[in-house]
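The following exercises are to be worked through with the sequence and the coordinates at hand. Each task is followed by a solution that proceeds step by step.

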Amino acid sequence: MIIYNLWIFQTGLMLRATMTTKLLLVASIVCFTVISGKDRQKREVIGTLAGGGMHISDMMAQSIKIALKDWAIRTELEKQMYLSGFDKVSKGSYLWHRSMFMNLKEYSKVQVLNQKGFINLRALAEFEKLSGVPIHVMQNDFKLVEEWQKHIAPYCECPIPKCNPKYPYRTADGGCNNFHVPTWGQANRAQLRWLPAAYSDGLNVPRIHSVTGASLPSPRLISNVVHNAHMSDFREPKQSMMMMQFGQFLDHDFVGTPTNRGFNNSQIQCCDLDPTTRDKRGSCFPIPVPPKDKRFHNPCMNFVRSSIAPELYCKPAPRNQINQQSSFIDGSMIYGNSMKEQTYLRLGKGGLLKMTDGGFLPRYDDGDCIMESPGEYCFGAGDDRNTIVPSLAFLHIVFLREHNRLAVALGKINPHWTDEIIFQETRKIIGGVLQHIVYAEWLPLVLNKEFMTLYGLNSVYGKYNTVYNEKLDPTTANVMAGAAFRFGHSMIPNFLGYGAPGGNKIAEFPIYKTYNRPGVLMSHGGKGNDWIGEWMLDDSHAKSDRCVNDGVRNYLFMDHHGKSFDLVAVNIQRGRDHGLPPYNAWRKWCGLPPVIHFGHGPGGLVDHDKESIIRLSKSYKHVDDIDLYTGGLSERRVKGGLTGPTFQCLIGKSFANWKFGDRFWYENDFKLTGFSPRQLETIRHHKISKIICENTKIDHIQPDSFLLPSEHNHKIPCHALPDIDLLAWAEPSELRTNVFFPVPANPVPIWSNLGPGHFQEAYKHIAAY
Ligand code: HEM
Ligand SMILES: [Ca+2]
């Protein structure tokens with residue numbers, strides 16, 4: 001190890017040394033005892049370069065030139081594809097829905113990031129070829145990194161926010177939460193890697209080969225063999241559909257990963273393309289469908305790779321994906337992730353959000369929805385996925401109404417407050433309430449008691465719980481978004497329904513007939529929304545296990561031609577697209593024993609049952625090939641939890657980071673940004689059940705709405721639940737204008753204006769840290 005590090009150091013030095021010293025260093029390298037043949041080879045390459053090849057700085061410049069040229073070629077190809085009409089899909093088709101799935105209001109930012117991400121990656125690949133220095137070696141050589149940063153800066157920097165330490169609220173995009181690294185957790189940044197990425201070329205190309213050298217199995221094949229629910233409809237005996245639905249609502253708070261678009265923001269089609277063009281497009285990674293598949297007859301399922309971002313401070317790194325949401329649990333799916341989105345969603349008076357007369361989300365004409373009757377329209381919210389299923393839109397609607405209910409009341413209590421103050425104070429309360437619901441009501445049903453305690457995730461009552469750790473990076477981890485938290489897909493039912501008070505079902509409809517249909521909620525004079533709510537409270541969600549129901553595994557986004565996707569196959573392919581290391585690597589990371597063979601005894605798949613082991617061994621040639629999504633989802637559940645130990649570890653770590661790494665964590669005793677003891681106490685008693693009650697016509701509810709009604713959780717009249725005590729926010733007259741004297745918000749960086757200055761500043765910053 002010591003020898004290796006020394007070599008890295010010498011490499012760095014040598015690349016910058018004068019000719020004479022270079023020769024000396026080459027000599028010293030030649031005298032080294034080598035640790036492996038591979039390393040010897042690398043050293044010789046460097047030696048040759050140093051002895052008379054191209055200067056390192058020229059190599060870098062040359063690599064960037066090639067990358068820029070390649071970007072131009074690729075843009076031209078995309079333009080040709082667009083003009084030829086090849087990519088054109090009809091509105092409402094399954095392909096259209098998938099491409100519309102992610103947030104597009106700030107698409108120009110994604111384009112900027114993706115372009116820079118491409119140039120960085122392409123240049124790195126070229127540099128690797130020219131210099132023979134592999135990326136992992138380069139990353140560990142601080143001088144090489146520094147040199148690289150200097151060259152690549154103009155093509156990678158993105159504005160770093162300047163923070164105002166006196167600003168009392170969260171910024172719109174989550175930036176400036178951490179004063180040392182203001183981009184931590186900020187929207188439109190690269191996701192976080194806890195383990196180095198696993199790409200087959202070390203940089204960009206997804207894992208496609210087994211460790212045996214054969215091809216990896218097709219994700220659709222794995223989906224059929226391991227995750228097929230065989231139309232069985234096992235239910236979770238104690239938990240309600242609200243539990244599943246809140247999970248998706250929550251994930252749209254901490255992650256939104258955009259996928260690539262073609263020229264002029266068009267869709268990208270990867271099937272029916274000749275392989276050369278497909279490879280040249282760079283965004284295509286279609287899923288092969290095995291022959292004789294019972295559902296899909298086209299041998300190719302479309303799959304477009306996620307958009308990418310350069311790493312912070314231009315660090316050389318393999319391909320990494322973008323998060324369009326702020327990582328924090330801060331209600332960004334309600335309020336949006338930028339000032340632009342917020343402005344769009346706000347009414348501009350009384351601190352209110354835009355809402356229709358019927359209490360629905362505002363109209364958004366560029367949204368992804370299917371209108372079936374006159375008077376329907378697509379919904380706009382802080383996250384564009386809001387209507388993917390009506391049960392998700394129900395929660396968006398309920399929280400929108402709750403915001404406005406609180407804003408109206410706060411305006412009455414503090415009539416001197418401006419629109420801005422009412423809005424920000426209400427947003428702050430909703431953020432605190434959400435965090436409390438997540439950590440006190442939802443998460444304890446996902447993770448077991450021991451784990452909650454071990455990771456410090458339990459909520460505290462009666463006092464502050466100041467836990468902020470400024471050294472902790474709360475950025476959403478790629479592995480959480482790309483695999484672990486998708487465990488929730490196994491809780492999705494085949495049917496959604498309308499319920500009536502008393503637990504009776506009014507109607508049931510296949511989930512695939514509800515995708516993107518706002519009409520399900522707006523129908524029957526708006527009663528559809530309440531009926532969906534009643535049903536969610538009274539029906540159980542699908543069992544959390546290795547199986548995923550056909551409603552999403554075979555019929556995701558099914559259109560009127562009967563065409564659809566397989567969500568499980570997409571999840572597995574997404575893991576490979578994102579370079580997620582396979583299952584075994586994560587087991588080791590979590591401190592769990594790695595799997596050495598397909599047996600169930602020691603060294604085997606000790607956290608799987610026999611049936612799962614058989615299915616895994618039928619799909620994969622080697623245990624080191626197992627994709628994380630498949631290996632994790634098929635684990636036996638831990639006692640008292642909804643997932644196996646590997647997902648529990650990854651989910652638990654994520655929620656710990658969002659708690660301890662959030663300066664605005666609702667329990668922190670921080671004068672400027674926190675709550676008063678009285679405010680904190682009332683937030684801790686504001687349950688999801690009360691929020692549902694106050695914002696629908698539902699008048700009886702079980703207090704724990706993520707659980708089914710039962711002897712210990714029987715329905716009670718809504719008025720029996722305590723309401724939030726907004727008088728805790730009444731501002732004593734002597735404090736008026738002092739406490740809420742409008743402090744200017746953090747300046748919002750301008751994205752179109754990317755000058756070299758940003759990088760210098762960022763670099764100084766990290767050096768100081
Ligand atoms: C209610 C029905 C649901 C549907 C129809 C649905 C559908 C989808 C789709 C189409 C994707 C994008 C897949 C890709 O292209 O990579 C996705 C991503 C995801 N889903 Fe779901 N989902 C549902 C519920 C849930 C639930 C209950 C959870 C968790 C408890 C969940 C967690 C996630 C996560 C974490 C992602 C990644 C998001 C991102 O990176 O932006 N989903 N889902
Ligand atoms: Ca967020």
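## Exercise 1: A salt bridge within a helix

R615 has a relative accessibility of 18% and therefore counts as buried. The model in which this value was computed is a predicted one.

Task. Identify the partner with which R615 forms a salt bridge, and state how the two are placed in helix α23.

Solution.
- Step 1. The partner is E611; the closest N and O atoms of the pair are 2.6 Å apart.
- Step 2. E611 and R615 are 4 residues apart in helix α23, so about one helical turn separates them.
- Step 3. The burial of the partner is then assessed. E611 has 38% relative accessibility and counts as partly exposed, whereas R615, at 18%, is buried.
- Step 4. Elsewhere, salt bridges with shared partners connect R220, D293, D550, R553 and D566 in one network.

## Exercise 2: Salt bridges across the sequence

Task. State how many salt bridges the structure holds, and determine which parts of the chain are tied together by the pair D539 and R235.

Solution.
- Step 1. The total is 38 salt bridges.
- Step 2. In one of these, the side chains of D539 and R235 meet with an N to O distance of 3.5 Å.
- Step 3. D539 belongs to the loop between α19 and β8 (540-542), and R235 to strand β2 (residues 235-240); the pair therefore ties together parts that are 304 residues apart in sequence.
- Step 4. D539 is buried at 11% relative accessibility, while R235 is partly exposed at 25%. The boundary needed here is that buried means under 20% relative accessible area.
- Step 5. A further salt bridge joins the side chains of K505 and E508, at 3.2 Å from N to O. K505 is partly exposed, with a relative accessible area of 45%, and E508 is partly exposed at 44%.

## Exercise 3: The two metal sites

Task. List the protein donors of the iron atom of ligand 1 and of the calcium ion, ligand 2.

Solution.
- Step 1. For the iron atom of ligand 1, the only protein donor is NE2 of H489, at 2.1 Å.
- Step 2. H489 is found in the loop between α17 (478-482) and β6 (495-500).
- Step 3. For the calcium ion (ligand 2), D253 contributes O and OD, S326 contributes O and OG, F328 contributes O, D330 contributes OD and S332 contributes OG; these donors lie 2.3 to 2.5 Å from the ion.
- Step 4. The spacing of the calcium donor residues in sequence is D-x72-S-x1-F-x1-D-x1-S.
- Step 5. Among the calcium donor residues, F328 is buried with a relative accessible area of 1%, and S332 is buried at 2% relative accessibility.

## Exercise 4: Packing of two helices

Task. Describe how helix α14 and helix α19 pack, and which residues meet.

Solution.
- Step 1. Two packed helices are described by the angle between their axes and the distance between the axes.
- Step 2. Helix α14 (residues 390-413) and helix α19 (residues 527-538) pack at an angle of about 110°, and their axes are 10 Å apart.
- Step 3. This angle makes α14 roughly perpendicular to α19.
- Step 4. From α14, the residues P390, S391, F394, I397 and R401 meet N529, I532, G533 and M536 of α19.
- Step 5. The residues of this contact between α14 and α19 comprise 5 nonpolar, 3 polar and 1 charged.

## Exercise 5: Two loop residues

Task. For D607 and K463, decide whether each is buried or exposed, and name the contacts of each beyond four places in sequence.

Solution.
- Step 1. D607 is located in the loop between α22 (583-589) and α23 (610-619). With a relative accessible area of 17%, D607 is buried.
- Step 2. Apart from neighbours within four places in sequence, D607 contacts R587, E635, R636 and P645.
- Step 3. K463 is located in the loop between α16 (449-454) and α17. With a relative accessible area of 54%, K463 is exposed.
- Step 4. Apart from neighbours within four places in sequence, K463 contacts L680 and R684.
- Step 5. K463 and R678 are 215 residues apart in sequence, and their C-alpha atoms are 9.8 Å apart in space.

## Exercise 6: The chain as a whole

Task. State how many helices and strands the protein chain has, and what percentage of its residues is buried.

Solution.
- Step 1. The protein chain has 28 helices and 10 strands.
- Step 2. Of its 769 residues, 62% are buried.
- Step 3. Of the contacts between residues at least 6 apart in sequence, 76% join residues at least 24 apart.

How values were computed
Residues numbered from 1 in each chain as written. Chains lettered and ligands numbered in written order. Predicted model: local features only at pLDDT ≥ 70, side-chain atom pairs only at ≥ 80, totals over all residues. Heavy atoms only, no water. Donors = N, O, S within 2.8 Å, 3.2 Å for Na, K, Ca; no water. Buried < 20%, exposed > 50% of the residue type's maximum accessible area, 1.4 Å probe, protein only. Contact = heavy atoms within 4.5 Å. Axes fitted to C-alpha atoms, helices over the stretch in contact; angles between N-to-C directions. Parallel < 35°, antiparallel > 145°, perpendicular 65-115°, else oblique. Nonpolar A, V, L, I, M, F, W, Y, C, P; charged D, E, K, R; others polar. Salt bridge = Lys/Arg side-chain N within 4 Å of Asp/Glu carboxyl O.
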